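Visitor: I would like a close look at one part of this model. Please take the largest pocket and its lining, then set that part in the context of the rest of the chain.

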Amino acid sequence: AEKNFILVYLNSKIAQKLILRRISGNAQPKLNVNDLKNIPIPIFSTTFQSKIEELVKTAYQNLKESKTLYKEAEELLLEELNLKDFKPTNKNITIKSLKDSFLTTGRLDSEYYQPKYEEIEKRIKLIGYKLIKDICSDINYGTVPTSPYVEKGVPYIKGLNLKNLSIDTTKLDFLTNTENLPDKFFTKENDIITSQMGTVGDVGVVTKKEENWLFASFTIRIRLKNTKEFRPYVVAMYIQHIAKKWYLQRNIAQASVRQNTDLPTIKNMYIPLINHKIQSQIEQKIKLSFELKNKSKELLELAKKAVEVAIEEGEEAVKL
């Protein structure tokens, strides 16, 4: 059998049931190699296996191109900010007067005063910038759960659902009793949702598909006034890959069990003024990257469904 065919089969619902039966142990469930060896592999025609193999290869190629485009978008952003090959000072130099340090910032921790942060900030601000609070119509925390989590209801976006500029829907929770919630807790297309606690600075951009969803109290919604002047995906990429490390980590709340940020910190984040043409190029690469990634998932799902149908109904029932 083709190796990719076997991989698809092992991820099918039929093989998964067989695998679950072979898992042993209660406290620490485990699966032995010998258990896997005894899982039966269905025999199909070479033609059918080749079709599955081709689907998987195309899916992997789409995923590879998706990652390349995303990396190109990130590098384009770094180039525009003069950060691509920039190496900030890594020495622990904290020589500042009391007036310039604690009396100005209220911070006693030495990390805040490391020169690398000021070097990055100065370099970014050289091209011009605006504060988030000046380019947004809404910046607010999300809502607390209005019910226990249910299987069907209004999707509830939490920090763990924010993955590299997108909303991960594989582990969504749902809520009921949401009718009386204010509009500010519901999403609109192009909203940027950022994690406020734990994985501070992870972001996702809301698409049309995720409109009118809720976002959690430990996340913050950023709604831009003009999505042509400041493209949501460009702002989101800047937050995820630059501001997260060089602004949010520096301004993280101190003396906290879990890392967290707050509204004032988000509102005062500086956003660079990037050339509109460059913004458009970055956004196109990101969107195409996501399209290819989704296409890859669809092809793998199609391959899995085809194998399941072939097992249950026979090869002739599969339409590829």
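Guide: What follows starts at the pocket and then moves through the helices around the chain.

Keep in mind that this is a predicted model. Every value here is computed from it.

Start with volume. The largest pocket holds about 920 Å³ of space. Its lining takes in 32 residues. Those nearest the centre are S166, I167, T207, F290 and N294.

Which elements each supply at least two residues of that lining? There are three helices and a strand to look at: α4 (46-80), α8 (232-248) and α10 (276-313), along with β5 (166-167). The largest share comes from α10, with eight residues.

Now the chemistry of the lining. Sorted by class, 14 of the lining residues are charged, ten are polar and eight are nonpolar.

Next, α4, one of the elements that line the pocket. Pick out I52, which sits in this helix. Why does I52 count as buried? Its relative accessibility is 0%, and the cut-off for buried is under 20%. Beyond its neighbours within four places in sequence, I52 touches F5, V8, A303, A306, V307 and L320. Take F5 from that list. F5 and I52 are 47 residues apart along the chain, yet their C-alpha atoms are separated by 6.0 Å.

F5 and V8 lead to helix α1, which spans residues 3-11. Its buried residues are N4, F5, V8 and Y9. They lie on the same side of α1, because they cover an arc of only 140° around the axis. What covers them? The cover includes α2 (13-22), α4 and α10. Two of these, α4 and α10, also contribute to the lining of the largest pocket.

Now turn to α8, another supplier of that lining. It also takes part in an enclosed space. How many cavities of 30 Å³ or more does a search of the whole structure find? The search finds one. The space in this largest cavity is about 50 Å³. Its lining consists of F230, R231, V234, V235, Y238, I271, P272, I274 and Q279. Two elements give two or more residues to it: α8 and β11 (270-272). The most comes from α8, with three residues. By class, this lining has seven nonpolar residues, one polar and one charged. Set that beside the pocket lining, with its 14 charged, ten polar and eight nonpolar residues.

The pair α8 and β11 also meets helix α6, residues 115-125. The buried residues of α6 are P115, K116, Y117, I120 and I124. They pack against α8 and β11. Thus α8 appears in three places: in the pocket lining, in the cavity lining and against the buried residues of α6.

Finally, step back to the chain. Its secondary structure comes to ten helices and eleven strands. There are 320 residues, and 43% of them are buried. Consider contacts with a separation of 6 or more. Residues 24 or more positions apart account for 76% of these. The contact of I52 with F5 joins residues 47 apart along the chain. As for the surface, the chain exposes about 18100 Å². Carbon and sulfur atoms supply 51% of that area.

How values were computed
Residues numbered from 1 in each chain as written. Predicted model: local features only at pLDDT ≥ 70, side-chain atom pairs only at ≥ 80, totals over all residues. Heavy atoms only, no water. 1 Å grid on protein atoms, 1.4 Å probe; cavity = no way out; pocket = protein on both sides within 12 Å on 5 of 7 lines; lining within 4 Å. Points joined across faces, edges and corners; volume = space filled by probe spheres on them. Helix = DSSP H or I, 4+ residues; strand = E, 2+ residues; numbered from the N terminus. Nonpolar A, V, L, I, M, F, W, Y, C, P; charged D, E, K, R; others polar. Buried < 20%, exposed > 50% of the residue type's maximum accessible area, 1.4 Å probe, protein only. Contact = heavy atoms within 4.5 Å. Areas by Shrake-Rupley, 256 points an atom, 1.4 Å probe, with all protein chains shown as cover. Arc of directions from axis to C-beta.
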